[in-house]
Amino acid sequence: MLSPNEPPFGPDGLIWSEPYDIELDWLDYNGHLNMAYYHVMFDRTVDIAFDILGLGRAYRSSQQASIFNVETHVVYRREVSAHDQVRVSFHLIGRDDKRLHGFQTMVRLGDDQLAATSESLFIHVDMTTRQVSPLPARGIAAADEMIARQAGVGMPAMAGRRIAPLN
């Protein structure tokens, strides 16, 4: 795995994307970033993390197995508008034999304001059977190394949130 301050790792041990530019056609009729494009940037950053873990595109091709996202909870904290730039982090906060638990933040550049968070549960899938299967030993080792590297950040305060019924 890369050294702690070697991109895409930041000094905090988290994986950080390069800046994403907000494209004008990504805006909704309210003049801010459409929610679908938050997901695009979160997903692109997940791809970076899974490539580092050895569970990305090359793994899928060579092993006929992949990682699927089965649940995501996004919280929108601040507006992102035209001409803004953002960076997205990836924090692997847990794993078991078949699942990975990730937490991401999106930060606006310029004012460093938290724009959004995304928490996701991922599963390992055998692509020949399309069934959940155990992570490979090297994937578990890489995940454990990443979890240890990022442990100093602590558990994100917003992890584990849910939408409570209104009544």
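How many residues lie between S5 and S6 in their hairpin, and which residue in the turn has a positive phi? Five residues separate the two strands, and the residue in question is Gly-110, with a phi of about 100°. The tour of this predicted model begins at that turn.

**Strand S5 and its two neighbours**

Select residues 99–108, which make up strand S5. Eight of these ten residues are buried, so the strand is largely enclosed by the rest of the structure. Next, add S6, residues 114–126. S5 and S6 run antiparallel and are joined by nine bridges. To inspect one position in this pairing, centre on Gly-102, which stands opposite Ser-120 in S6.

Now add strand S4, residues 85–95. S4 and S5 are likewise antiparallel, with seven bridges between them, and a hairpin of three residues connects S4 to S5. Two pairs are convenient landmarks here: Val-86 has Arg-108 of S5 as its bridge partner, and Val-88 has Met-106 of S5.

**Strand S4 and the short strands**

Keep S4 selected. Eight of its eleven residues are buried, so S4 too is largely enclosed by the rest of the structure. Then display strand S1, residues 15–16. S1 runs antiparallel to S4, and two bridges join them; Trp-16 is paired with Ser-89 of S4. Proceed to strand S2, residues 20–21, which also pairs with S4 in the antiparallel sense over two bridges. In that pairing, Tyr-20 stands opposite Val-86, the residue already seen as the partner of Arg-108 in S5.

**Helix H3**

Select residues 137–150, helix H3. At 1.5 Å a residue, its 14 residues should span 20 Å, and the end C-alpha atoms are 20 Å apart, which agrees. Colour the buried residues of H3: Gly-139, Ile-140, Ala-142, Ala-143, Met-146, Arg-149 and Gln-150. The elements that cover them include S1, helix H1 (35–52), S4 and S5.

**The largest pocket**

Turn to helix H1, which gives the most to the lining of the largest pocket, with seven residues. This pocket has a volume of about 270 Å³. Of its 20 lining residues, Asp-43, Val-46, Asp-47, Phe-50 and Phe-122 lie nearest the centre, and these can be selected together as a view of the site. At least two lining residues each are supplied by H1, helix H2 (57–63), S3 and S6. By class, the lining comprises seven nonpolar, eight polar and five charged residues.

**Ser-66 in strand S3**

Within strand S3, select Ser-66. Is Ser-66 buried or exposed? Its relative accessible area is 12%, and buried means under 20%, so Ser-66 counts as buried. Leaving aside residues up to four places away in sequence, Ser-66 touches Tyr-59, Arg-60, Ile-123, His-124, Val-125 and Met-127.

**The cavity**

The last stop is the one cavity of 30 Å³ or more in the structure; its volume is about 30 Å³. To display its lining, select His-73, Val-75, Phe-103, Thr-117, Glu-119, Met-158 and Arg-161. Strands S3 (65–76) and S6 (114–126) are the elements that give two or more residues to this lining. The lining residues divide into three nonpolar, two polar and two charged.

How values were computed
Residues are numbered from 1 along each chain as its sequence is written. This is a predicted model: local features need pLDDT of at least 70, side-chain atom pairs count only at pLDDT 80 or more; totals for chains, interfaces and linings use all residues. Side-chain values use heavy atoms; hydrogens and water are left out. On a 1 Å grid over the protein atoms alone, a cavity is a set of points where a 1.4 Å probe fits but cannot get out, and a pocket is an open set with protein on both sides within 12 Å along at least five of seven lines; lining residues have an atom within 4 Å of a point. Grid points are joined across faces, edges and corners, and a volume is the space filled by probe spheres set on the points. Helices (H or I, at least four residues) and strands (E, at least two) are DSSP runs, numbered from the N terminus. Ala, Val, Leu, Ile, Met, Phe, Trp, Tyr, Cys and Pro count as nonpolar, Asp, Glu, Lys and Arg as charged, and the others, Gly among them, as polar. Buried means under 20% relative accessible area, exposed over 50%, partly exposed in between (1.4 Å probe, protein chains only). Two strands pair if DSSP finds at least two bridges between them. The expected span of a helix is 1.5 Å times one less than its number of residues. Contact means heavy atoms within 4.5 Å.
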